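Thanks for coming. I will go through one structure today, starting in the sheet and working outwards to the helices and side chains.

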Amino acid sequence: MLKGISPVVSPELLKALCEMGHGDELVIADGNFPCESIGKNAVVVRADGHGTAELLDAVLRLIPLDRYTEKPVAYMEVVKGDSAPTPEIWKAYEEIFNKYEPDNHGIEMTERFAFYERAKKAYLIIATGETAIYANVLLKKGVVTY
């Protein structure tokens with residue numbers, strides 16, 4: 001254990017976050033996301049038993065979002081015909097973004113298959129046990145400054 005680091009951040013996840021550079025992307029994936037097939041070229045870290053919101057909170061304590069990108073966050077767009085036009089979990093995400101990146105969290109809505117293609121290029125995919133649908137969130141890492 002380390003002081004100041006959430007217990008949901010495993011040593012493997014901490015290592016992967018440290019290895020990421022400016023502009024690298026990571027996906028915090030819900031339980032339905034095809035992490036292993038999409039993440040063939042990525043570091044895939046299992047966080048079963050944890051939700052996407054608690055992982056988002058833990059990750060944003062450690063890394064900044066990219067300030068050189070207008071929209072450093074991407075959500076998977078709700079497919080037409082699905083029952084939930086605005087997933088409830090996005091409200092929790094907004095609170096977390098406002099806590100850590102109040103002036104820098106423009107969100108890009110990305111069509112489902114385009115989101116998968118972008119995720120294939122991500123450095124890191126965090127596989128959670130999240131049961132909410134459309135809970136996938138992609139982040140572009142920024143520059144750490146002191």
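Start at Val73, whose bridge partner in β6 is Leu139. Please keep in mind that this is a predicted model. On the other side, in β4, Val73 stands opposite Ile107. Strand β3, residues 73–76, pairs with β6, residues 137–140, in the antiparallel sense over three bridges. With β4, residues 107–110, the pairing of β3 is parallel and runs over four bridges.

Which residues of β3 are buried on each side? Val73 and Tyr75 are buried on one side, Ala74 and Met76 on the other, so both faces of the strand are covered. The general background is that side chains in a regular strand alternate between the two faces of the sheet.

Now the whole sheet. It is open, has six strands with mixed pairing, and the order is β2-β5-β1-β6-β3-β4. β2, residues 43–47, and β4 are at the edges with a single partner strand each, so each has one side without a neighbour in the sheet. From one strand to the next the twist averages 20°.

Next, the helices that pack on the sheet. Helix α3, residues 52–60, touches β1, β2, β5 and β6, and its direction makes about 150° with that of β1. How much of α3 is buried? Seven of its nine residues are, so the helix is mostly covered. Those buried residues are Thr52, Leu55, Leu56, Asp57, Ala58, Val59 and Leu60. Their cover includes α1, β1, β2, α4, β5 and β6. Helix α5 lies across β1, β3, β4, β5 and β6, and runs at about 130° to β3.

One residue in α5 I want to point out is Arg118. Is Arg118 buried or exposed? Its relative accessibility is 18%, and the cut-off for buried is under 20%, so Arg118 counts as buried. Leaving out residues up to four places away in sequence, Arg118 touches Glu25, Ala74, Glu108, Thr110, Leu138 and Lys140. With one of these, Glu108, the side chain of Arg118 makes a polar contact of 3.3 Å. Arg118 is also 10.0 Å from Leu26, C-alpha to C-alpha, with the two positions 92 residues apart in sequence numbering.

That brings us to the core. The largest nonpolar core has 47 residues, and those touching the most other members are Leu26, Phe33, Phe97 and Leu139. Leu139 is the β6 partner of Val73 that we started with. As general background, nonpolar side chains in soluble globular proteins tend to be buried together.

Take Phe33 from that list. Phe33 is buried, at 6% relative accessible area. Beyond four places in sequence, its contacts are Val27, Ile38, Met76, Phe115, Tyr116, Ala119, Ile125 and Asn136. Met76 is one of the buried residues of β3.

On to aromatic pairs: there are five in the whole structure. Phe33 and Phe115 have ring centres 6.1 Å apart and planes at 85°, so this pair is edge-to-face. Phe33 is in the loop between β1 and α2 and Phe115 is in helix α5, so the pair ties together parts 82 residues apart in sequence. Phe115 is buried too, at 1% relative accessibility. Another pair, Tyr75 and Trp90, is stacked, at 4.7 Å centre to centre and 25° between the planes. Tyr75 is in β3 and Trp90 is in α4, so here the parts tied together are 15 residues apart in sequence. Both Tyr75 and Trp90 are buried. There is also an aromatic cluster made of Phe33, Phe113, Phe115 and Tyr116.

Last item: Asn104, in the loop between α4 and β4. Asn104 is buried, at 7% relative accessible area. What does its side chain reach? The side chain of Asn104 reaches the backbone oxygen of Leu65 at 3.3 Å and the backbone oxygen of Asp66 at 3.4 Å. Apart from residues up to four places away in sequence, Asn104 touches Leu65, Asp66, Arg67, Thr69 and Pro72.

Key:
Residues are numbered from 1 along each chain as its sequence is written. This is a predicted model: local features need pLDDT of at least 70, side-chain atom pairs count only at pLDDT 80 or more; totals for chains, interfaces and linings use all residues. Side-chain values use heavy atoms; hydrogens and water are left out. A nonpolar core is a set of buried Ala, Val, Leu, Ile, Met, Phe, Trp, Tyr and Cys residues joined through side-chain atoms within 4.5 Å. Buried means under 20% relative accessible area, exposed over 50%, partly exposed in between (1.4 Å probe, protein chains only). Contact means heavy atoms within 4.5 Å. Helices (H or I, at least four residues) and strands (E, at least two) are DSSP runs, numbered from the N terminus. Two strands pair if DSSP finds at least two bridges between them. A polar contact is a pair of N or O atoms within 3.5 Å; within protein, one must be able to donate a hydrogen and the other to accept it, and residues adjacent in sequence count only if both atoms are side-chain atoms. Rings of Phe, Tyr and Trp (its six-membered ring) pair if their centres lie within 6.5 Å; planes under 30 degrees apart count as stacked, over 60 as edge-to-face and the rest as tilted. Axes are lines fitted to C-alpha atoms, for helices over the stretch in contact, and angles run from 0 to 180 degrees between N-to-C directions.
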